[in-house]
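Colleague: I have a few pointed questions about the labels used for this model. Can you take them in turn?

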Amino acid sequence: MASMRNLKRKSPENGALVFPLDKLNQDLLERVLSRLPTSTFLRLASVCKRWKSAATSPAFHHACSQIPSREPWFYMVDSSQSSHFKNQQHFVYDSSEMNWKFFTYPSDFLKEKQQNESNFLPVAASAGLLCLHNGDKGEFTIFNPVTSSCRKLPSLDYSDTLCAIGMISSQESYKLFLIFGEIPNLSFRVYNSMTDSWEDSAILSKKSPSCPAAQSCSTDDDDEEEDDDQMFYFLSKCGNVVATEIQKNPCKQYSSITTTTKGGNGQEILCFLNSSGKVVACNLTEKNFFEYQRLLPLHQEYSIDLVECGGELFTVVLSEFLETASLRVWKFDEKEWIWNQVLAMPAAISHEFYGKKVDINCTGGGTGEHMLVCISCADDESCRYFLCRLDGNEWTELPACSSGVDGYSRKFTCAFSFQPRIEASA
């Protein structure tokens, strides 16, 4: 009788026993594959039919959903995309492999855009999903950038001014939040994927913070409210006429930071910048909102954006002072009711933007370790990108992106952070 072939063999490097993956049963193989980085799995699946079949397996998707978090990818938006969204490719930066990747939009999605002349813009992201918005028709599409699966949400008719869009995802469902109106008259609508429907509109009432430090600042805030409702113009140091109203990138016009509070109550909080640069926090569970203390004076020229990292809110500001430019990251202390600086870009880098018309757009990594800052300059139409590691205040400038079939060097104005999750279903 022929002896059974020994499936185990020693590794030539360290003598450890190695078990060939092709000898694993399908269930165990899918569990092993689910723990690979998404980039690695996609490469391996392209050369093995058996591994490729795992991508559509429910058991594989369940195993992937048990992975708590993955290193974030950053979905990049270039200058032409922010106005027309007509490119057939989309680009991402992989923070785990530190390189650029590009994908092609699904054919049915491109066909619909061409037939209906749809103008979709990315407006929000959560976990492994991205939300696209057609402002002309008020339509929303949920999109997985990795698998190219997409889903058009039920149409929603609204007449009020849309001021913020946010999104929260879990393993089995997601919610899309829309904030309408102008302060102090705010309302919101919620789309729930579990019911595939929009919930009824709800009013947000204004709430005064209860901490003593906030109450002591209430008098100053009340004096500023009248100014916040109006737009003023002033001369910058360069002699340019500057408006006090915040000017946002088209893709970041409705941007917000959406989080769920820790603990048993799990309150859903959405924060956004109003037109005057104040941070507005909406508690969608308790249906109220309040405004944080202003970070910089109303009549000062600066660029500002919000970032969520690890469930916490940060404000990023690029401003000029004492003949130099600085980019600083701030976190709000709700006990003392004051903004505290927690990070800063090295002065040698930020000084390069002094005297230039620059706009910053930021996004945080899903794991809470990274933050990506896109800095675009109107003077020379240049775009630069910096990845900051929060725990060590380490700043790395990303290389230019020239990938794709045409080899054209892209200029990205903003980005959206998402986790590359194959199992995320639109």
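Colleague: Which residue takes a positive phi in the hairpin of β12 and β13?

Modeller: Keep in mind that this model is predicted. The residue is D196, with a phi near 50 degrees. Four residues lie between the two strands of that hairpin.

Colleague: What makes β12 and β13 count as paired?

Modeller: Pairing needs at least two bridges. Two bridges join β12 to β13 (residues 197-198), so the requirement is met. The strands run antiparallel, and Y191 stands opposite W198 in β13.

Colleague: How do you know that β12 and β14 pair?

Modeller: The same cut-off of at least two bridges applies. Three bridges are found between β12 and β14 (residues 202-206), in the antiparallel sense, so they pair. One example: S187 has I203 in β14 as its bridge partner.

Colleague: What links β11 to β12?

Modeller: Eight bridges, again in the antiparallel sense. K175 has N192 in β12 as its bridge partner. β11 and β12 form a hairpin, with two residues between them.

Colleague: Why is β12 called largely enclosed?

Modeller: Buried means under 20% relative accessible area. Seven of the eight residues of β12 (residues 185-192) are buried, so the rest of the structure largely encloses this strand.

Colleague: Why is C309 called buried?

Modeller: The relative accessible area of C309 is 4%, which is under 20%, so C309 is buried. C309 is found in strand β21 (residues 302-309).

Colleague: Which residues is C309 in contact with, leaving aside neighbours within four places in sequence?

Modeller: F314, G364, G365, G368, H370, M371 and L390. Take H370: it is 61 residues from C309 along the chain, yet their C-alpha atoms are separated by 7.4 Å.

Colleague: What makes an empty space a cavity, and how many are found?

Modeller: A 1.4 Å probe fits inside a cavity but cannot get out. The search of the whole structure finds two of 30 Å³ or more. The largest cavity holds about 50 Å³ of space. Its lining has 13 residues, and L36, T38, C64, R70 and I422 are the closest to its centre. Helices α1 (26-34), α2 (38-45) and α4 (58-65) each supply at least two lining residues.

Colleague: What is the make-up of that lining?

Modeller: For the largest cavity, eight nonpolar, two polar and three charged residues.

Colleague: And what lines the second largest cavity?

Modeller: Its lining includes G277, K278, Q293, R294 and W339. The lining divides into four nonpolar, three polar and two charged residues. About 30 Å³ of space lies in this cavity.

Definitions and conventions: Residues numbered from 1 in each chain as written. Predicted model: local features only at pLDDT ≥ 70, side-chain atom pairs only at ≥ 80, totals over all residues. Heavy atoms only, no water. Buried < 20%, exposed > 50% of the residue type's maximum accessible area, 1.4 Å probe, protein only. Contact = heavy atoms within 4.5 Å. 1 Å grid on protein atoms, 1.4 Å probe; cavity = no way out; pocket = protein on both sides within 12 Å on 5 of 7 lines; lining within 4 Å. Points joined across faces, edges and corners; volume = space filled by probe spheres on them. Nonpolar A, V, L, I, M, F, W, Y, C, P; charged D, E, K, R; others polar.
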